[in-house]
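Got the viewer open? Let's take a short walk through this one, starting with a pair of elements and then zooming out.

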Amino acid sequence: MCGIVGIVGSSLVNQSIYDALTVLQHRGQDAAGIVTIDSNRFRLRKANGLVKDVFEAKHMQRLQGTVGIGHVRYPTAGSSSASEAQPFYVNSPYGIALAHNGNLTNAAEIRETLFEKARRHVNTTSDSEVLLNVLAYELEQASNSPLTAEDIFTAVREVHKTVRGAYAVVAMVIGHGLLAFRDSHGIRPLCLGKREMEDGKTEYMVASESVALDAVGFDFVRDVAPGEAVYISFDGELHTAQCAESPSLNPCIFEFVYFARPDSFIDKISVYSARVHMGKKLGAKIKRQWDDLDIDVVIPIPETSCDIALEIAQELDKPYRQGFVKNRYVGRTFIMPGQQLRRKSVRRKLNAIRSEFKGKNVLLVDDSIVRGTTSEQIIEMAREAGANKVYMASAAPEIRFPNVYGIDMPSANELIAHGREVEEISEIIGADGLIFQDLDDLVAAVQLGNTDIERFETAVFNGEYVTNDIDQAYLDYLDSLRNDDSKTMQEIKQDLANLELHNEGA
């Protein structure tokens, strides 16, 4: 998962992009980058680390210009090295810089095609660089002199035909304008905002979440539609066009469960309200199925589940307590690359308030259970704090299938619910009882915010991938990428060859 920002302004945009990235930091803590255009040249700073650590005063002073884009990242496709940090840029045609949130499901085959057909070299393992080169190639084919908005939209139409998967994109073309577009399924979020200046000029902004607009004083205009492209010339003219043949809105439901900030609106849905409704639904299920349990207190595992747990407590008519204190200076463990790093960080991240656990039957509430290692350690902490019995409730259903659209959990073997029933999962994490939200209830809870959405992307729960191009061969390929550090280059090439043979026979 990543966060993207783009601004076309009438004054310097470096500080606004920085501020927007800080409120999108929850979407990625591995790397950050900003590129602006000044005197017809890209000014770029990117590196591994948090926004506050990547950009020092000397970097901000160099990031001059009234247009720019920014990115925060954690690795899903590609490695976590600094060379994979975004934005990326290419010199031809024009000079294009791009940042991307999501994951391309056919990046491997496109990479080969780009070299053979377009003679374009992709220097990293990032699918975002692949996407950038596809866009560059299509702009080269579509462009006239001067480049027009229709040329831009023609190129995006061809991009949609070429790439598959989930992608929300922001890009800049030197001498022309800023471009943003969203995949035809609307899996990853993207919104548009504007700000009226005192001199009568209008500034425009695009971002992954509406909270980024709020942070820098832009008014929310609307969500970018699935398949839509938004082009803002550097003169401040706004152009939009639908560039996909059969667009449909299928937003990732995990945005509402975990990733997005509660003060954001995504596709007209309040993330906060969605979580409140999740709590009501799950509370009703617990009341039906666990009416015989003597639960003394409801305690959330901070922070995403706090609003959910409060609603559960109200449904059960039980006390709601904050039983864990969170160290806010330790990153989100789910996002951290590497299982060992996640394990070590949990106890640095949370500490139990013993008085809230001692001698009590405790219901712990979490937004979801992915690998189960965090849940196991938290339950152990509750017992060490003196809990009599420890039950756990998850606001999301069992995560049984890999995610291929930009969430870092592609291997089914890493998912505790894969191939296991609830009782076995409960035993592994050491709970006295475990209950999951039903998928129908989760969808209903989120859908209350926008009843026009007929389908959400819920593949991690039911294995139904909305792009209809995912099979076991692709999942095996993704699984192999996670083990590349222990492979020889020859083995990696063989994995790619096997995937290409599969694609040719499909």
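**Stop one: a helix pair**

Select helix 9 and helix 14: helix 9 passes helix 14 in a right-handed crossing. Keep in mind as you click around that this is a predicted model.

Now show side chains at the contact. From helix 9, pick Ala274, His277, Met278 and Lys281; from helix 14, pick Asp441, Leu442, Ala444, Ala445 and Val446. Try coloring that selection by class: you get six nonpolar residues, one polar and two charged.

How do you put numbers on a pair like this? Two packed helices are described by the angle between their axes and the distance between the axes. Here, helix 9 covers residues 271-289 and helix 14 covers residues 439-447. Their angle is about 145 degrees, and the axes sit 8 Å apart.

**Stop two: the whole protein**

Clear the selection and switch to cartoon. You're looking at 17 helices and 21 strands. The radius of gyration is 23 Å, close to the 23 Å that the globule rule gives for 506 residues, so the protein is as compact as a globular protein of that length. Turn it along its principal axes and the C-alpha trace spans about 75 × 60 × 45 Å.

Next, draw a contact map. Taking contacts between residues at least 6 apart in sequence, 69% join residues at least 24 apart.

**Last stop: the surface**

Turn on the accessible surface. The protein exposes about 20,300 Å², and carbon and sulfur atoms supply 45% of that area. Color by burial to finish: of the 506 residues, 59% count as buried.

Note on methods: Residues numbered from 1 in each chain as written. Predicted model: local features only at pLDDT ≥ 70, side-chain atom pairs only at ≥ 80, totals over all residues. Heavy atoms only, no water. Axes fitted to C-alpha atoms, helices over the stretch in contact; angles between N-to-C directions. Helix = DSSP H or I, 4+ residues; strand = E, 2+ residues; numbered from the N terminus. Left-handed = near helix turned anticlockwise from the far one by under 90°. Contact = heavy atoms within 4.5 Å. Nonpolar A, V, L, I, M, F, W, Y, C, P; charged D, E, K, R; others polar. Rg over C-alpha atoms; globule rule 2.2 N^0.38 Å. Buried < 20%, exposed > 50% of the residue type's maximum accessible area, 1.4 Å probe, protein only. Areas by Shrake-Rupley, 256 points an atom, 1.4 Å probe, with all protein chains shown as cover.
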